[in-house]
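Me: I have a structure open beside its sequence, and I would like to learn how to read it feature by feature. Could you walk me through it?

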Amino acid sequence: MSTVDLNADLGEGFGNWAMGDDNALLDVVTSANVACGFHAGDPSIMRAVCRRAADRDVAIGAHVGYADKPGFGRRFIDIEPAALRDEVLYQIAALDAFARVAGSEVAYVKPHGALYNTIGHHEEQAAAVVAAVADYDRALPVLGLPGAVWLKLAEEAGLTVVHEAFADRAYSPDGTLVSRRESGSVLHDGREIARRCVAMATGAPIKDVKGGELRLEPGSICLHGDTPGAVQIAQRVRKALTDAGVELTPFAA
């Protein structure tokens, strides 16, 4: 039987402002990437999401990012590596406090937005993120895109590396994501997205943006919660996977 994890970015509101339906997505996913207060989220939201995730046996991941709430963490920041290391360490520890109060713990780390993209190729910042995870707990797995520089460095540092794929993103032939600036980079057809996720989870190829065949075989599939119809798409993906005999389980259980 094939197994796969489903992850989604949660806790990305602030104060009375909410983004996405965290409660509905927690009934679908097996891992929750919880914002740690830098790109989004605040202490009360972090606490609430951790409690709800723990109640549902959903693994809690630290979704660390640049200190950039106005830009939702989607803008590059030319920060000194040592400062970035400390900011990432701060975020992991803060979320872990709320996870532990909820009877759980931070089970993995996944960067967000511009940080995720930057450390795919920026060696100094990549090394800083790896150092932060290693300083906090070398047993924490890290989740990211295959081929990313930071995952290479994480592996060299002895960390457990888990590759992810994106349910609703178009892929280039080399396995990289098509830029959001390009038309067709984000998929919206729930049936197509569900079919692609079943293919990914079972080792079958999907079509890249050029029409070629691409095999991804991820340990986790990311479902976005901030797009139109996100909950319905996520529910369709989960049903399609279970109907196909794929077992859904946290990679960091």
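Reply: Happy to. Let's begin with accessibility: a residue is called buried when its relative accessible area is under 20%, exposed when it is over 50%, and partly exposed in between. Keep in mind that this is a predicted model.

Me: Then is glutamate 217 buried or exposed?

Reply: Glutamate 217 has a relative accessible area of 53%, so it is exposed. You will find glutamate 217 in the loop between strand S8 (213–214) and strand S9 (220–223). Its backbone deserves a look too: glutamate 217 is not a glycine, yet it has a positive phi of about 50°.

Me: Which other residue has a positive phi although it is not a glycine?

Reply: Aspartate 57, with a phi of about 60°. Aspartate 57 sits in the loop between H2 and strand S3 (59–64). With a relative accessibility of 68%, aspartate 57 counts as exposed, because the cut-off is over 50%.

Me: How does serine 31 count at 0% relative accessibility?

Reply: Serine 31 counts as buried, because 0% falls under the 20% limit. This serine belongs to strand S2 (residues 31–35). Leaving aside residues up to four places away in sequence, serine 31 touches Asp5, Leu6, Asn7, Ala8, Val58, Ala59, Tyr108, Pro250 and Phe251.

Me: And where does glycine 15 fall at 45%?

Reply: At that relative accessibility, glycine 15 counts as partly exposed, because 45% lies between the two limits. Glycine 15 is in the loop between strand S1 (3–10) and helix H1 (22–26). To read its surroundings, compare sequence with space. Glycine 15 and serine 44 are 29 residues apart along the chain, and their C-alpha atoms are separated by 8.1 Å. Not counting residues up to four places away in sequence, glycine 15 touches Asp42 and Ile45.

Me: Now the helices, please. What describes two packed helices?

Reply: The angle between their axes and the distance between those axes. Take helix H2 (residues 43–55) and helix H3 (residues 81–101): they pack at about 45°, with their axes 8 Å apart. H2 and H3 are therefore oblique to each other. Their crossing is right-handed.

Me: Which residues of H2 and H3 meet?

Reply: From H2 come Pro43, Met46, Arg47 and Cys50, and they meet Ala94, Leu95, Phe98, Ala99 and Val101 of H3. Sorted by class, this contact of H2 with H3 has eight nonpolar residues, no polar ones and one charged.

Me: At what angle do H5 and H6 pack?

Reply: Helix H5 (residues 123–136) and helix H6 (residues 149–156) pack at about 45°, and their axes are 9 Å apart. That angle makes H5 oblique to H6. H5 passes H6 in a right-handed crossing. On the H5 side you can select Glu123, Ala126, Ala127, Val129 and Val130, which meet Val149, Trp150, Leu153 and Ala154 in H6. The residues of this contact of H5 with H6 divide into eight nonpolar, no polar and one charged.

Me: Which residues does arginine 138, in the loop after H5, touch?

Reply: Arginine 138 lies in the loop between H5 and strand S5 (142–144). Setting aside residues up to four places away in sequence, arginine 138 touches Val133, Ala157 and Leu159. Zoom in on Ala157: the backbone oxygen of alanine 157 lies 2.7 Å from a polar atom of the arginine 138 side chain. For another way to place arginine 138, go to tryptophan 17: these two are 121 residues apart in sequence and 35 Å apart in space, C-alpha to C-alpha.

Me: One more helix pair, please. How do H7 and H8 cross?

Reply: The axes of helix H7 (residues 190–202) and helix H8 (residues 230–243) cross at roughly 40° and come within 9 Å. H7 and H8 are therefore oblique to each other. The crossing of H7 and H8 is right-handed. H7 contributes Gly190, Arg191, Ile193, Ala194, Cys197, Val198 and Ala201 to the contact, while H8 contributes Ile233, Arg236, Val237, Ala240 and Leu241. By class, the residues of the contact of H7 with H8 divide into nine nonpolar, one polar and two charged.

How values were computed. Residues are numbered from 1 along each chain as its sequence is written. This is a predicted model: local features need pLDDT of at least 70, side-chain atom pairs count only at pLDDT 80 or more; totals for chains, interfaces and linings use all residues. Side-chain values use heavy atoms; hydrogens and water are left out. Axes are lines fitted to C-alpha atoms, for helices over the stretch in contact, and angles run from 0 to 180 degrees between N-to-C directions. Helices (H or I, at least four residues) and strands (E, at least two) are DSSP runs, numbered from the N terminus. Angles under 35 degrees count as roughly parallel, over 145 as roughly antiparallel, 65 to 115 as roughly perpendicular and the rest as oblique. A crossing is left-handed if the near helix is turned anticlockwise from the far one by less than a right angle, and right-handed if clockwise. Contact means heavy atoms within 4.5 Å. Ala, Val, Leu, Ile, Met, Phe, Trp, Tyr, Cys and Pro count as nonpolar, Asp, Glu, Lys and Arg as charged, and the others, Gly among them, as polar. A polar contact is a pair of N or O atoms within 3.5 Å; within protein, one must be able to donate a hydrogen and the other to accept it, and residues adjacent in sequence count only if both atoms are side-chain atoms. Buried means under 20% relative accessible area, exposed over 50%, partly exposed in between (1.4 Å probe, protein chains only).
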